[in-house]
Amino acid sequence: MGNKIDLLSVYTNVLLLISASRSEENVETITHGKTVLTSPNYPRRYPSNQHKEWIFNQTTGLWAMTIKDFRLEDSGLCLKDYLLIRRSVSSYSTPVKLCGCSGSHSYTSYFSYGPYLSITFHSDGSGEDIGFFIGVQHLLSFGK
């Protein structure tokens, strides 16, 4: 009986490691400079069931992001496909959740409240569009 429990324990631990490594593959950490973020396959339609997070983290300064093109599936309260922007690690900071058409979001800029910014893209199982093209830059201070 001891061998069955040990084997089950090993199997469970392996499954946990596999699921943890899969989720880490969908998170990219960026610590400096300028970068461009695009949805998968941009400017063609992004696939269903996507989840990707970009974390911008630095010790000083702030991050500026500019949405240059944006077209996601539109839905009430952005429950289907969305882009979630967290401008601070603080739980007091309200995230910005975007979905829908480019006209309302293109060439919109957002600034982090400090040296941390998180951008998460999520698509559900249907209703894909071309996605987004976003520029992100680390600034040592506001206006630089």
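A disulfide is a pair of cysteine sulfur atoms within 2.5 Å. With that cut-off in hand, here are close-up views of a predicted model.

**View 1. The disulfide between C78 and C99.** A search of the whole structure turns up 1 disulfide. The sulfur atoms of C78 and C99 lie 2.2 Å apart, which is within the 2.5 Å limit. The torsion about their S-S bond is about -75°, so this disulfide is left-handed. C78 sits in the loop between strand 4 and strand 5 (82-86), while C99 belongs to the loop between strand 6 (96-98) and strand 7; the pair therefore ties together parts that are 21 residues apart in sequence. Both cysteines, C78 and C99, are buried.

**View 2. The surroundings of E73 and a look at L77.** We stay with the loop between strand 4 and strand 5, where E73 is found. Is E73 buried or exposed? Its relative accessible area is 13%, so E73 counts as buried. Leaving aside neighbours within four places in sequence, the contacts of E73 include C99, one of the two disulfide partners. Y46, K80, D81 and G100 are also among the residues that E73 touches, as are D124, S126, G127 and D129. L77 is found in this loop between strand 4 and strand 5 as well. L77 has a phi near 60°, a positive value in a residue other than glycine. With a relative accessible area of 73%, L77 is exposed.

**View 3. An open antiparallel sheet of 4 strands.** Which order do the strands take? Read across the sheet, the order is 2-9-4-7, and the pairing is antiparallel. Strand 2 (34-38) and strand 7 (108-111) stand at the edges with a single partner strand each, so one side of each has no neighbour in the sheet. On average, neighbouring strands are turned by 20° against each other, direction ignored. As a reminder, strands of a sheet pair through backbone hydrogen bonds, either parallel or antiparallel.

**View 4. Strand pairings, bridge by bridge.** Let us walk across the sheet from strand 2. Strand 2 pairs with strand 9 (residues 131-139) over 5 bridges in the antiparallel sense, and K34 stands opposite Q137 of strand 9. Next, strand 9 and strand 4 are joined by 9 bridges, again in the antiparallel sense. Here I67 faces I134 in strand 9. On the way to the edge, 4 bridges connect strand 4 to strand 7, and these two run antiparallel. In strand 7, Y110 is the bridge partner of M65. How many residues of strand 4 are buried? For strand 4 (residues 62-71) the count is 7 of the 10 residues, so this strand is largely enclosed by the rest of the structure.

**View 5. Aromatic pairs, with Y46 and F121 in focus.** The structure holds 5 aromatic pairs. In one of them, the rings of Y46 and F121 have their centres 5.1 Å apart and their planes at 80°, so this pair is edge-to-face. Y46 lies in the loop between strand 2 and strand 3 (51-57) and F121 in strand 8 (residues 116-122), so to speak linking distant parts of the chain, 75 residues apart. Both rings belong to buried residues, Y46 and F121. Ring pairs also join Y46, W54, F121 and F132 into a cluster.

**View 6. The tilted pair of F56 and W63.** The ring centres of F56 and W63 are 5.1 Å apart and their planes stand at 55°, so the pair is tilted. F56 has 0% relative accessibility and counts as buried. W63 is buried too, with a relative accessible area of 0%.

**View 7. A lysine over a tyrosine ring.** K97 lies over the face of Y82, at 4.3 Å from the ring centre.

**View 8. Backbone details between strand 2 and strand 3.** Which two residues does a cis peptide bond join? The residues are Y42 and P43, with omega about 10°. P43 is found in the loop between strand 2 and strand 3, and N49 has its place in that loop too. N49 is not a glycine, yet its phi is positive, at about 55°. At 58% relative accessibility, N49 counts as exposed.

Technical notes
Residues numbered from 1 in each chain as written. Predicted model: local features only at pLDDT ≥ 70, side-chain atom pairs only at ≥ 80, totals over all residues. Heavy atoms only, no water. Pairing = 2+ DSSP bridges. Axes fitted to C-alpha atoms, helices over the stretch in contact; angles between N-to-C directions. Buried < 20%, exposed > 50% of the residue type's maximum accessible area, 1.4 Å probe, protein only. Contact = heavy atoms within 4.5 Å. Phe/Tyr/Trp six-rings, centres within 6.5 Å; stacked < 30°, edge-to-face > 60°. Lys NZ or Arg CZ within 6 Å of the ring centre and 35° of its normal.
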